[in-house]
Amino acid sequence: MPLALSRISRTRLAVTAAVATVLAVGAPAAYASFDTDPREPETTTTSQVARGKAYTETRLFFGTERPDGGPDVTDKQFMRFVDVEVTPSFPDGLTVQDGRGQWRDSNGRVERERSYELILLYRTSQAHKLDDDIEDIREDYVRRYDQDSVARLDDRLRVDF
């Protein structure tokens, strides 16, 4: 019996040593992964260089229904607004998309309406200068077409043409 006990003890000892070795080798890698924040971008190497230049994308969302019950803003009116109020500040280009949207108005009602999405793309180095122009566009549309607001979304990205 002592021989069998000795063989079991040696097997347990070998398994324990193998597990300890795996844990000792794997521990630094496990601890290293805890030190990195998954929300932070990984370090880039020369083979992973980001292309393009720093740009800001601003999206403006324009509703077409008037809260006072007046006639909806037409395509012709909106495109005239873009020509007169937007294009002078963004002559290099812009995009207009038709949409359908919904939102809660100032009276607490959920409104569904035809809408326009205006996409402006410009160098981030110009963002401070163009901010006033974008705010003027929003204010002019609200005033001209009796709107509660024009939504704005800004995002920074890299662009290559």
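Student: Where is the place of Asp140?

Tutor: In this predicted model, Asp140 sits in helix 3.

Student: Which residues does Asp140 touch, leaving out those up to four places away in sequence?

Tutor: Asp140 touches Phe81 and Glu85. Contact here means heavy atoms within 4.5 Å.

Student: How far apart in space are Asp140 and Val150?

Tutor: From C-alpha to C-alpha they are 9.8 Å apart, with their positions ten residues apart in sequence counted as the separation.

Student: Which residues make the contact of helix 2 and helix 3, and how do the axes cross?

Tutor: The axes of helix 2 (residues 75-86) and helix 3 (residues 127-144) come within 11 Å and cross at roughly 140°. Helix 2 brings Phe78, Phe81, Glu85 and Val86 to the contact, while helix 3 brings Ile137, Asp140, Tyr141 and Arg144. Sorted by class, that gives five nonpolar, no polar and three charged residues.

Student: Why are helix 2 and helix 3 called oblique to each other?

Tutor: Set the angle against the cut-offs: roughly antiparallel needs over 145 degrees, and roughly perpendicular covers 65 to 115. The crossing is at roughly 140°, which fits neither range, so the two helices are oblique to each other. The crossing is also right-handed.

Student: What makes strand 2 and strand 4 edge strands?

Tutor: The open sheet has four strands in the order 2-3-1-4, with antiparallel pairing. Strand 2 (95-104) and strand 4 (151-159) each pair on one side only, and they are the edge strands.

Student: How do you know that strand 1 and strand 4 pair?

Tutor: Pairing takes at least two bridges. Strand 1 (residues 53-63) and strand 4 are joined by nine bridges, so they count as paired, and they run antiparallel. Phe61 stands opposite Ala151 in strand 4.

Student: Which strands do helix 2 and helix 3 touch?

Tutor: Helix 2 packs on the sheet and touches strand 1, strand 2 and strand 3 (110-123). Helix 3 also packs on the sheet, touching strand 1, strand 3 and strand 4.

Student: How many aromatic pairs are there, and why is the pair of Phe90 and Tyr122 called tilted?

Tutor: The structure holds eleven aromatic pairs. For Phe90 and Tyr122, the ring centres are 5.9 Å apart, which is within the 6.5 Å cut-off. Their planes stand at 50°, neither under 30 degrees nor over 60, so the pair is tilted.

Student: What does the pair tie together?

Tutor: Phe90 lies in the loop between helix 2 and strand 2, and Tyr122 in strand 3, so the pair ties together parts 32 residues apart in sequence.

How values were computed: Residues are numbered from 1 along each chain as its sequence is written. This is a predicted model: local features need pLDDT of at least 70, side-chain atom pairs count only at pLDDT 80 or more; totals for chains, interfaces and linings use all residues. Side-chain values use heavy atoms; hydrogens and water are left out. Axes are lines fitted to C-alpha atoms, for helices over the stretch in contact, and angles run from 0 to 180 degrees between N-to-C directions. Angles under 35 degrees count as roughly parallel, over 145 as roughly antiparallel, 65 to 115 as roughly perpendicular and the rest as oblique. A crossing is left-handed if the near helix is turned anticlockwise from the far one by less than a right angle, and right-handed if clockwise. Ala, Val, Leu, Ile, Met, Phe, Trp, Tyr, Cys and Pro count as nonpolar, Asp, Glu, Lys and Arg as charged, and the others, Gly among them, as polar. Rings of Phe, Tyr and Trp (its six-membered ring) pair if their centres lie within 6.5 Å; planes under 30 degrees apart count as stacked, over 60 as edge-to-face and the rest as tilted.
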